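Could you walk me through this structure, starting from a single residue and ending at the ligand? Let's take it one step at a time.

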Amino acid sequence: MKIAIVCYPTFGGSGVVATELGIELANRGHEVHFITYRQPVRLALLNSNVHYHEVNVPEYPLFHYQPYELALSSKLVDMVKLYKIELLHVHYAIPHAYAGYMAKQMLKDQGITIPMVTTLHGTDITLVGNHPNYKTAVSFSINKSDVVTSVSKSLKEATYELFDIKKEIHVIPNFIELVKHPSENNSVCQRSTMAKPEERIITHISNFRKVKRIPDVIKIFNKIQQSLPARLMMVGDGPEKVKAEQLCEKLGILDKVIFFGNSNEIDSILSYSDLFLLPSETESFGLAALEAMAWSVPVISSNSGGLPEVNFDGISGYLSNVGDIDSMAENALRILSDDTILKEFKTNALNTAKQFDIKNILPLYEELYHQALLKTKAK
Ligand code: GMT
């Protein structure tokens, strides 16, 4: 099948999911065309089935806001015609589902009918999409999609609650590639550069936005390090990072925390980690938690959104109410204080991650693509 994937090319979860999905589809023989404004961070164009088409938005002094949707929908039309693309898969409703719908209409005008699959990722529904300024267009473009998927049951419920959606929403969870193993870690990044042998390594990875509750990460770590030797790895960058550094200094723990920024060494850092912290305000799924679990790292998280669908309480880690720092620190210490318990949680974390192996999840997308194609042909 010839598939166009539209996504954000950045470090965010939706871009990662879209990129990994496209790469695996290409490995399985599909021809995949990524259409976005920059080459996605995890995309290596080494596969002859993978193509990348950049969307350029020409600047003009009259434009206060650059009309990206317009350029994207034009590019989609041109690429569908040029490469005979059969299906559009847009990730993140804003503005991709809207641009995709416009492209579909322009193509229809030229006698070409193409189905559009829209995958909802989270903040496009819970935070941004729900804003009154976007809501009408987001509802419209979800209802106009041929197939709609969401990355968790919780996100599906939130979508029905917040929007007037008449379409069926199919739940397809985030996934992970499980071929990696700590012994395959050839990185130059050594454990000794992060912590002393007796120190536990605790990690947080995110885009440092408010929704991640970065101060909670630091306060939980502060409590942990008062009871046992530990170091905190803070990976990623975003608006809350400077405040996070200031809080560490205020608490007198800056020498126990490493701020990596947007690192390319995520696999290495996770392979040395003993615990992952994700106390988010909300998380439609929590891909970062799954990535940690795939490296046998147990997770301490909040119980909001889709997190209970990936982090199983008392098995792969623990869940607490949002903001309950004491409970999160207590649970962390329960896991970290005893080598046997830690080992058990590490094994459970990996076994839980195995349920989300890309090999099990990808056929669910393929099945929906076939259904969408059949529906379009029958029209
Ligand atoms: O977490 C973010 O802020 C990034 C965001 C994105 O869209 O790139 O992630 C969302 O999509 C991921 C992939 O489906 C989910 O695993 C994340 O839970 C979700 N983030 C939120 O709901 C806050």
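In which helix is the place of aspartate 216? Aspartate 216 sits in helix H7, which covers residues 214-227. Keep in mind as you look around that this is a predicted model. With a relative accessible area of 5%, aspartate 216 is buried, since buried means under 20%. Leaving aside residues up to four places away in sequence, aspartate 216 touches Pro279, Gly323 and Ile325. You can also see how the fold brings distant parts of the chain into one region: aspartate 216 and valine 322 are 106 residues apart along the chain, while their C-alpha atoms are separated by 9.4 Å.

Now step back to the chain as a whole. The domain assignment gives domain 1, made of 2-175 + 358-378, and domain 2, made of 182-354. Their C-alpha centres lie 31 Å apart. Where the two meet, 18 residues of domain 1 are in contact with 12 residues of domain 2.

That brings us to the ligand. Where does it lie with respect to the two domains? Domain 1 and domain 2 both give residues to the shell around the ligand, so the ligand lies between them. There are 19 residues around the ligand, and those that come nearest are His121, Asn174, Lys212, Glu283 and Ser284. Sorted by class, the shell has five nonpolar, 11 polar and three charged residues. Helix H1 (residues 13-27) provides the largest share of the shell, with three residues.

For the polar pairs, begin with lysine 212: an N or O atom in its side chain is 2.7 Å from an oxygen atom of the ligand. The side chain of glutamate 283 likewise has an N or O atom 2.7 Å from a ligand oxygen atom. Asparagine 207 places a polar side-chain atom 2.9 Å from an oxygen atom of the ligand. As for the cover around it, the ligand has 480 Å² of accessible area on its own, and the protein covers 96% of this.

One of the nearest residues, histidine 121, deserves a visit of its own. Histidine 121 is in the loop between strand S5 (116-120) and helix H4 (123-126). Is this residue buried or exposed? Its relative accessibility is 9%, so histidine 121 counts as buried. The side chains of histidine 121 and histidine 91 are joined by a polar contact of 3.0 Å. Beyond residues up to four places away in sequence, histidine 121 touches several others, including Ser14, Val17, Tyr92 and Ser284.

Finally, let's turn to the backbone. Most residues other than glycine have a negative phi, and most peptide bonds are trans. Against that background, a cis peptide bond joins isoleucine 94 and proline 95, with omega about -15°. Proline 95 belongs to helix H3 (residues 93-109). Phenylalanine 208 is not a glycine, yet its phi is positive, near 50°. You will find phenylalanine 208 in the loop between strand S8 (200-205) and H7, and at 0% relative accessibility it counts as buried. Serine 296 also has a positive phi, of about 60°. Serine 296 lies in the loop between helix H10 (287-294) and strand S12 (299-302). At 19% relative accessibility, serine 296 counts as buried, because the limit for buried is under 20%.

Methods:
Residues numbered from 1 in each chain as written. Predicted model: local features only at pLDDT ≥ 70, side-chain atom pairs only at ≥ 80, totals over all residues. Heavy atoms only, no water. Near = heavy atom within 4 Å. Polar contact = N/O pair within 3.5 Å; in protein donor to acceptor, adjacent residues only side chain to side chain. Areas by Shrake-Rupley, 256 points an atom, 1.4 Å probe, with all protein chains shown as cover. Helix = DSSP H or I, 4+ residues; strand = E, 2+ residues; numbered from the N terminus. Nonpolar A, V, L, I, M, F, W, Y, C, P; charged D, E, K, R; others polar. Domains from an automatic or database assignment. Buried < 20%, exposed > 50% of the residue type's maximum accessible area, 1.4 Å probe, protein only. Contact = heavy atoms within 4.5 Å.
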